[in-house]
Structures are given as C-alpha cells and as structure tokens.
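User: Please take a close look at one part of this model, the packing of the last helices, and then set that part in the context of the rest of the chain.

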Amino acid sequence: MKGFVRNDPFFSLCGLNCGLCPMKLGGHCGGCGFGNQSCKIARCSLGHGRVEYCFQCKDYPCQHYEHLDDFDSFITHQRRRSDLEKAQRMGPEAYAREQAERAKLLDWLLTQYNDGRRKTLYCLAVNLLELGALQGAVREMEASPQWPEMDKKEKAALLANRFQQLAEEQGVVLKLRKKPKRGGGLS
C-alpha cells in the first residue's frame, strides 16, 4: 500500500509476532509493510497519523479489535491484543528484546530438533508459552541421561510432549484455531 511503511519487521501494527511466523521464517512474507499485502488496519494507521503500533492510536482499542483473536491462519492470532498490551507496558524496545530471545529459541529448535513435522508446533509454543518455562523445558530435556543417545525424531517427540505438558499447565492449546466453514450443505 502506497505510503505505508514500518520500522519493525518482527512485530506488526496489529500485534502479530511476525518474527515467529513460519511464513516469514520460510522467506514467503516480508512482514507488515515489507512486501506483504496491505490490510484494513494498515489503511487505518495511515488515517491516524501512521502509528507504529495500534496501542499508540488515540482510538485504541477500536472496532478492528472486536473479534481479532477469534481464529488463526498460518500464525497464531490468539494473543495479538494481549501482545500489544504487553508491548505497551514493557515498551516496544524491551518487547523487541524478548521477541528476539523467542526468535533465537525458535531458530534453534527448528535447526536442532525439527524432524520435518514440528515447525507449526514450535512456532505455536514459542508464540504462546512463557519464555522462561520453554527455556527451562529444553534445558531439562537436554540434561536427561538418555538425550545424547536419542536420534532427532525421538528428541523432537520428547520435546513436543514436554511442550504439550507446559501448554496444559499454562491453559494454552497448541493448535491453530480454524474458522468454521459457512453453510455445510452440498452445492
């Protein structure tokens, strides 16, 4: 969209953690304002003084946030509003540092422990679970005596189970939430 520019390619205007997204990691998306198609929130930003994050707008939260977190696509939308509020509380720089730690962990998980089937799970876990708990779980797994003898597939399965346990403890579901299909009848 002409005139829409972002300074932060890793945290979108509306609260998506683009730096933790499989589309961005795979080089398929530049992120909000970096080659990705525009959206209604980007157009709204242009009309409200080109705010970098929606929480900086005098009208935040607005109608765009009424059902923002209801469904997911290829990246979790579950916490956009709460992530925006966290960034507002912490400040964008501190939030960016935390996201950089999450991105570093995600990159490491994908490099070391992706058996070809864990990318979405790791992206969800790193987006939704508490960072310290994730880091602790990985350290715990790597410290177990059987870890060095395990192959990548076994390690990935063990980490996936541990992340699911953490999710249950934190009341988080590590699955993308699909939007229900309309109709359902035969055409």
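Analyst: The answer below starts with the basis of the model, goes on to the helix pair, and then works outwards.

This is a predicted model, in which local features need pLDDT of at least 70, side-chain atom pairs count only at pLDDT 80 or more, and totals for chains, interfaces and linings use all residues. Residues are numbered from 1 along each chain as its sequence is written, and side-chain values use heavy atoms, with hydrogens and water left out.

The chain contains seven helices and zero strands; helices (H or I, at least four residues) and strands (E, at least two) are DSSP runs numbered from the N terminus. Along the sequence the pattern reads α-α-α-α-α-α-α. Of its 187 residues, 43% count as buried, where buried means under 20% relative accessible area, exposed over 50% and partly exposed in between, with a 1.4 Å probe and protein chains only. Among contacts with a separation of 6 or more, 69% come from residues 24 or more positions apart; contact means heavy atoms within 4.5 Å.

Now the helix pair. Two packed helices are described by the angle between their axes and the distance between the axes. The axes of H6 and H7 come within 10 Å and cross at roughly 145°. Such axes are lines fitted to C-alpha atoms, for helices over the stretch in contact, and the angles run from 0 to 180 degrees between N-to-C directions. The H6 and H7 crossing is right-handed; a crossing is right-handed if the near helix is turned clockwise from the far one by less than a right angle, and left-handed if anticlockwise. On the H6 side, the contact is made by Ala 133, Leu 134, Ala 137, Val 138, Glu 140 and Met 141. H7 contributes Leu 158, Leu 159, Arg 162, Phe 163, Leu 166 and Gln 170.

Two further residues of these helices can be placed. Gly 132 lies in H6 and is partly exposed, because its relative accessible area is 46%. The C-alpha atoms of Gly 132 and Arg 102 are 9.9 Å apart, with their positions 30 residues apart along the chain. Glu 169 lies in H7 and counts as exposed, because its relative accessibility is 59%. From Glu 169 to Leu 129, 40 residues away along the chain, the C-alpha separation is 9.9 Å.

Aromatic rings tie this region to other helices. Rings of Phe, Tyr and Trp (its six-membered ring) pair if their centres lie within 6.5 Å; planes under 30 degrees apart count as stacked, over 60 as edge-to-face and the rest as tilted. By this rule there are six aromatic pairs. One of them joins Tyr 113 and Trp 147, edge-to-face at 5.3 Å centre to centre and 70° between the planes. This pair links distant parts of the chain, 34 residues apart: Tyr 113 is in H4 (residues 92-113), and Trp 147 is in the loop between H6 (131-143) and H7 (152-170). Tyr 113 and Trp 147 are both buried. Another pair is Tyr 122 with Phe 163, whose ring centres are 6.0 Å apart and whose planes stand at 75°, so this pair is edge-to-face as well. Tyr 122 is in H5 (residues 119-128) and Phe 163 in H7, 41 residues apart. Both of these residues, Tyr 122 and Phe 163, are buried. Phe 163 is also among the H7 residues that contact H6.

Elsewhere, Phe 11, Tyr 53, Phe 55 and Tyr 95 form one aromatic cluster. Tyr 95 is also in contact with Lys 86, as are Gly 91, Glu 98 and Arg 102, leaving aside neighbours of Lys 86 within four places in sequence. Lys 86 itself lies in H3 (residues 80-90). Its C-alpha is 9.9 Å from that of Gly 15, 71 residues apart in sequence.

Earlier in the chain, the buried residues of H2 (residues 40-47) are Ile 41, Ala 42 and Ser 45. Seen down the H2 axis, these fall within an arc of 105°, so they line one face of the helix; the arc is that of the directions from the helix axis to the C-beta atoms. Lys 40 and Gly 47 are exposed on the other side of H2. After H2 comes Gly 49, with a positive phi near 85°. In the loop between H2 and H3 lies Pro 61, joined to Tyr 60 by a cis peptide bond with omega about -10°.
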